Amino acid sequence: MSKQQIPLKVTATRLVRAVRLFMTSDVGGRAAFLLTSLIALFGGVSALNVVNSFVGRHFMTAIAERQTAEFIRQAILYSGAFAASTIVSVIARFAEERLALLWREFLTRRAIGLYMSGGAFYRLGVQGTLSFPDQRIAEDIKAFATTTLSFLLMLLSSLLTVFTFSSVLWLISPLLFFTAVVYAAFGSFMTIVLGRPLIKLNYNQLDNEAAFRSGLISVRENAESIMIEGTEQRHANRLSRQFDDLAANFRRIISINRNVGFFTTGYNWMIQILPVVIIAPAFMRGDMEFGVITQSAAAFAMLVGAFSFIVAQFNSISSFAAVVARISSLIEAIESAHGAPDTRFERIEAEGIFAYERLTLTSPSGEVLLKELSVLIPADRRVVVTGAGDAAGAALFRATAGLDMSGIGRIVTPSHQQVRFLGQRTYSGPGTLRQILAPSKPSAETTDAEIFALLKNVGLARDLMPGDLDSEQDWSSLLSPREQQLVALASALIAAPSYIVLEKADAIFGHEHLAGILKLFVDRRIACINFAEPGAPRSAYDAVLEYGPDGSWTWVDQNTRGEDEDRPL
C-alpha cells in the first residue's frame, strides 16, 4: 500500500476508532456534553434560517407593495431573527472550538505516550520508515482533530439544511427543487474529477514543508560546526534543493486549484441566477408575490450549498485525506515499533544481578562480534570492558542499554531504577537544571548545597548561582558537550543506582579525572562498568572484561590476578 493510497475502508476504520477512543476516554463525558450541545445549536441555526427566509419574504413583499406598517413590523422581526441567529451561531462556534481542542489534547497526549514508550521513538528513527513523526504529532493531529470535527458538523448542518429547505423549495416550485438536486450532483462529480490529484500533491507538500523546515533547524543547531568547517555553501545548496522540491510540488497544486477554480467559480455564480430565471416568469404572470423570488433564491442557494458539500469543501477534503493518511502511517509505524524487536537474545530484570549468559552478538552483515559471553558483574566493583577495535564493545554497550542488536543469549540487569547509562553523547535539552539533575525526585530530597557540592566534586568548573537551578534554559546550548556529560554524571549519582554503565568515559573525562570519578563510585558503593577505548589503562579497575577480534573474551579479576587471569567463563 503506497503512502498516498490509503483505502477508504482503512481510513473510515481509523476515523471510527479515533472517535470511539475519544468518546470512551476519561474526557468522554465532557465531549458528549459538547457534542450534544452542538447538535442542538446547529438544529437551532437551521430552524432560524427557515424563519429568516419567511421573514425576508414578507419583508421584501411589503417593500414591493409599499405597505409601511407591515414593512416596520417585518423589519423588527427580521432584526430579532438575525440577533437570535448571531447569538446561536457564536455559541455554536465556541462549543465547536472547545470540543476540537479537547479532542486534540486527548489525541496528542495519547500519541506522545505511545511514541515515547517502549523505545518507539528510537526504533522509528533507526528504521527510517516514517518521515517527520514530530510534524505528524504536532501539526497533523491538530489538523485531524479540527478538520474532522469541522467536517462532521458541516455534514450535520448540510443534512439539517436539506431536511428543512427541501420542503420550502418544493412548496415554491418542484421544478426548482429537482434543478437544485441535479445541479449539485453535476457539480460534485466534476469537482472530484478535476481535483482528485490534489490528495497526493497535498500529502507530498506536507512532507516537503517538513523537510525544508527540518533542514533550517539542523543548520541553526549546528551553526558553529558549519562555520568552523566552512561548509556553508553545501548546506545552502541542500536547502535550495529542498525548497525547489517544495515549490515545484506547490506549483502543481496551484495548477490543479486553477482548473478546479474555473469550474467552481462559475458554478457558484450560476446558483444566484438559476432560481430567478425559473421563478421570474411566474411572478411576471402574477402567479406569485415578489418576496417569493428572494425567498426562492435564498432557499435554492442554501439547498444547493448543502448538496454541494464536496464542491465547496474539496480543497479542505483533499488536504484532510492527506492528513488522515499521514496519521494512519504514524499509528501503524508506532504500533510496529512497539512490536518485538529484531533480536533473538533475551533481556530480563533480576534484583541485584548484572550478568551476561551465553550472549553472542553479530553485526548487521552477520559477522560474529562477541561469542558465548557469560559473566556475572559483582556489586560494588569497577569493571572496564576493552579490547581490539570498537565494534564488539559498542555492540555490547548498545545491547546492554536496551538498543536493538542481533544476537542470542541473555542479558540480566537490575530494575531500570537501579541502572543508569551514560553514553558517549548526552543531551540535556531545555528545562531547569534541577529537573535535569533530579527528574524523578522532589527537590526537597536534594538540597541546593548538596547539588552544588556534587557538581563541584564531579569537576564542573562553571560558576552557577542558586537561581540557575530553577532557570528555564536550553542547557544543551549553554553547556559544552563535556559539561553536559558532567551534569549527566551528577544526575546519575543523585539517583543513587546500584550500577552506572559508561561509554568511553576515559576519552570524555581523561584518565586522571576518571580516576577521581571512580573513587566517587567507590565512596557511594555504586558498581561501575566502563566500555573504554582500546588500550585504556586498567589499574583503576577491579576487573577487566577483554574481547578479541575473533569474538573471544576473557575475564580478569585484578584482585585475584593469579587465579583468574585470561580464563574464559
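# Questions on a predicted model

The protein chain of this predicted model holds 19 helices and 12 strands.

Student: What share of the 569 residues in the protein chain do buried residues make up?
Tutor: A residue counts as buried when its relative accessible area is under 20%. Taken over the 569 residues of the protein chain, the buried residues make up 43%.

Student: Among the contacts in the protein chain with a separation of 6 or more, what percentage comes from residues 24 or more positions apart?
Tutor: Here the contacts taken into account are those with a separation of 6 or more in the protein chain. Of these, the share that belongs to residues 24 or more positions apart is 78%.

Student: The structure holds 8 aromatic pairs; are the rings of Phe22 and Phe106 stacked, tilted or edge-to-face?
Tutor: A pair of aromatic rings is described by the distance of the centres and the angle of the planes. For Phe22 and Phe106 the centres are 5.7 Å apart and the planes stand at 40°. Planes under 30 degrees apart would count as stacked and over 60 as edge-to-face, so the pair of Phe22 and Phe106 is tilted.

Student: How many residues apart in sequence are the parts that the pair of Phe22 and Phe106 ties together?
Tutor: Phe22 belongs to helix H1, which covers residues 8–23, while Phe106 belongs to helix H3, which covers residues 68–115. Phe22 is buried at 3% relative accessibility, and Phe106 is buried as well, with a relative accessible area of 16%. Because the two rings sit in these two helices, the parts they tie together are apart in sequence by 84 residues.

Student: Which residue is linked with Phe22 and Phe106 into a cluster by ring pairs?
Tutor: Ring pairs link these two phenylalanines into a cluster with one further residue. Besides Phe22 and Phe106, the cluster contains Trp103.

Student: Of Phe397 and Phe421, which counts as buried and which as partly exposed?
Tutor: These two residues form an edge-to-face pair, with 6.3 Å from centre to centre and 75° between the planes. Phe397 lies in helix H12 (residues 391–400) and Phe421 in strand E6 (residues 419–422), so that the pair links parts of the chain 24 residues apart. With a relative accessibility of 7%, Phe397 counts as buried, whereas at 30% the residue that counts as partly exposed is Phe421.

Student: How many of the 10 residues of H12 are buried?
Tutor: Helix H12 is mostly covered, and its buried residues include Ala392, Leu396 and Phe397. Just after this helix, Gly402 takes a positive phi of about 100°. Within H12 itself, the number of buried residues is 7.

Student: What term describes how H14 lies relative to H16?
Tutor: Helix H14 (residues 448–458) and helix H16 (residues 481–495) pack with their axes 9 Å apart and at an angle of about 125°. Angles over 145 degrees would count as roughly antiparallel and those from 65 to 115 as roughly perpendicular, and therefore H14 is to H16 oblique.

Student: How many nonpolar residues are there in the contact of H14 with H16?
Tutor: From H14 come Ile451, Leu454, Leu455 and Val458, and these meet Leu486, Leu489, Ala490, Leu493 and Ile494 in H16. No polar and no charged residues take part in the contact of H14 with H16, and the nonpolar residues number 9.

Student: Is Thr362 buried or exposed?
Tutor: Thr362 lies in strand E2, which covers residues 355–362. Leaving out residues up to four places away in sequence, Thr362 touches Glu367, Val368, Leu369, Met405, Ser406 and Gly407. Because its relative accessibility is 18%, Thr362 counts as buried.

How values were computed: Residues are numbered from 1 along each chain as its sequence is written. This is a predicted model: local features need pLDDT of at least 70, side-chain atom pairs count only at pLDDT 80 or more; totals for chains, interfaces and linings use all residues. Side-chain values use heavy atoms; hydrogens and water are left out. Helices (H or I, at least four residues) and strands (E, at least two) are DSSP runs, numbered from the N terminus. Buried means under 20% relative accessible area, exposed over 50%, partly exposed in between (1.4 Å probe, protein chains only). Contact means heavy atoms within 4.5 Å. Rings of Phe, Tyr and Trp (its six-membered ring) pair if their centres lie within 6.5 Å; planes under 30 degrees apart count as stacked, over 60 as edge-to-face and the rest as tilted. Axes are lines fitted to C-alpha atoms, for helices over the stretch in contact, and angles run from 0 to 180 degrees between N-to-C directions. Angles under 35 degrees count as roughly parallel, over 145 as roughly antiparallel, 65 to 115 as roughly perpendicular and the rest as oblique. Ala, Val, Leu, Ile, Met, Phe, Trp, Tyr, Cys and Pro count as nonpolar, Asp, Glu, Lys and Arg as charged, and the others, Gly among them, as polar.
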